[in-house]
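Dear colleague,

I am passing the structure on to you below, with its sequence. After it come my notes on what was found, grouped by region so that you can follow them in the viewer.

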Amino acid sequence: MRTVIFDLDGTLADTSGDLIAAANHCFRGLGLGDLLDPVADAATALRGGRAMLNLGFSRVTGVAPGEVDRQYPVLLAAYADDIDTHTYLYPGAMAAVDQLMSDGFAVGIATNKPEHLAEQLMRSLGVRDVFGSLIGADTLPVRKPDPEHHFEAVRRAGGDPARSLLVGDTATDRDTSRNAGVPSVLVTFGPGRDDVLALDPDATIDDFAELPGVVAGLIG
């Protein structure tokens, strides 16, 4: 079965606001105040918890060695406690997913967010059951950009890895698709449009309404 695998953060949903809130919770706990800005630092948020902690700590002096590792579980706990205050699905995301399914595609998710948090978020958003698979950062011994992360998401969705495609928003997603030998479609409506275009994926979309047609052209 032809299959479309989606990244989560920055692709299906804008999760940056809640991620930054969790990182700022860590910084406040250390007496540093809010070191990250929800708008200006949104692109970093979509690269994950450690990226946010590193960016915040780079803006102050006297941070003890290993503080990122110490604060990372604190960040995850804070995020789990408040995972969907600011998060929203991008406009048209689920309509595009529904159309792909109507066109005969299986759909799944491959994310470098920890699996339990990805499951929690997708259920909170009310759309988990739409997707045939969800592979998180810790589901397998490997994670994106290792191609097995993508392949397993395809297999669990009931698809054929040789007839699959990855929709994402970062270099990690582009690299995953290349390592897997499958096409990539990157979205340009998140933070850093110019950076996305420079990655030279097989295709880009400015709006989810474009996705079914683009997918049909790549693995139709």
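**Strand β6 and its neighbours**

In this predicted model, strands β6 and β7 pair in the parallel sense, and 3 bridges join them. Within that pairing, V167 has V185 of β7 as its bridge partner. Strand β1, which covers residues 3-6, also pairs with β6 in the parallel sense, here over 4 bridges, and F6 is the residue that stands opposite V167.

Is β6 enclosed or open? Of its 5 residues, 5 are buried, so the strand is largely enclosed by the rest of the structure. The cover extends to both faces, since S164, L166 and G168 are buried on one side, while L165 and V167 are buried on the other.

**Helix α8**

Together with β6 and β7, helix α8 makes a β-α-β unit, and this unit is right-handed. The helix runs over residues 171-180, and its buried residues are D173, R174, T176, S177 and A180. Seen down the helix axis, these buried residues fall within an arc of 160°, so they line one face of α8. What they pack against is α7 (147-156), together with β6 (164-168) and β7 (184-187). After the helix comes G181, which has a positive phi, near 70°.

**Salt bridges**

The count of salt bridges comes to 15. One of them lies within α8 and links R174 to D175, with the closest N and O atoms 2.7 Å apart. With a relative accessible area of 13%, R174 is under the 20% limit and therefore counts as buried, whereas D175, at 28%, is partly exposed. Elsewhere, salt bridges that share partners join E119, R123, R128 and D129 into one network. In the bridge between D129 and R123, the closest N and O atoms are 3.4 Å apart, and D129 itself is exposed, with a relative accessible area of 70%. A further salt bridge is formed by R28 and D34, whose closest N and O atoms are 2.7 Å apart; R28 is partly exposed, at a relative accessible area of 45%.

**A buried lysine**

You may also wish to look at K113, which has its place in the loop between β4 (106-110) and α6 (115-124). Its relative accessibility is 6%, and K113 therefore counts as buried. Leaving aside residues up to four places away in sequence, K113 touches L8, D9, L19, Y79, A118, L121, G136 and A137.

**The nonpolar cores**

In soluble globular proteins, nonpolar side chains tend to be buried together. Here the largest nonpolar core has 49 residues, and the members that touch the most others are F6, L12, F131, F208 and L211. Which helix gives the most to this core? That is α1 (residues 16-29), with 6 residues. For F208, the contacts beyond four places in sequence are with F6, T11, Y90, P91, G92, A93, A96, V187 and F189. Apart from this core there is a second, separate one of 7 residues, and among its members are I5, I135, L140 and V154.

F6 thus appears twice in these notes, as the residue opposite V167 in β6 and as one of the members of the largest core that touch the most others.

With best regards

Technical notes:
Residues numbered from 1 in each chain as written. Predicted model: local features only at pLDDT ≥ 70, side-chain atom pairs only at ≥ 80, totals over all residues. Heavy atoms only, no water. Buried < 20%, exposed > 50% of the residue type's maximum accessible area, 1.4 Å probe, protein only. Helix = DSSP H or I, 4+ residues; strand = E, 2+ residues; numbered from the N terminus. Arc of directions from axis to C-beta. Contact = heavy atoms within 4.5 Å. Salt bridge = Lys/Arg side-chain N within 4 Å of Asp/Glu carboxyl O. Core = buried A, V, L, I, M, F, W, Y, C linked by side-chain atoms within 4.5 Å. Pairing = 2+ DSSP bridges. Right-handed = clockwise from strand over helix to strand, strands pointing away.
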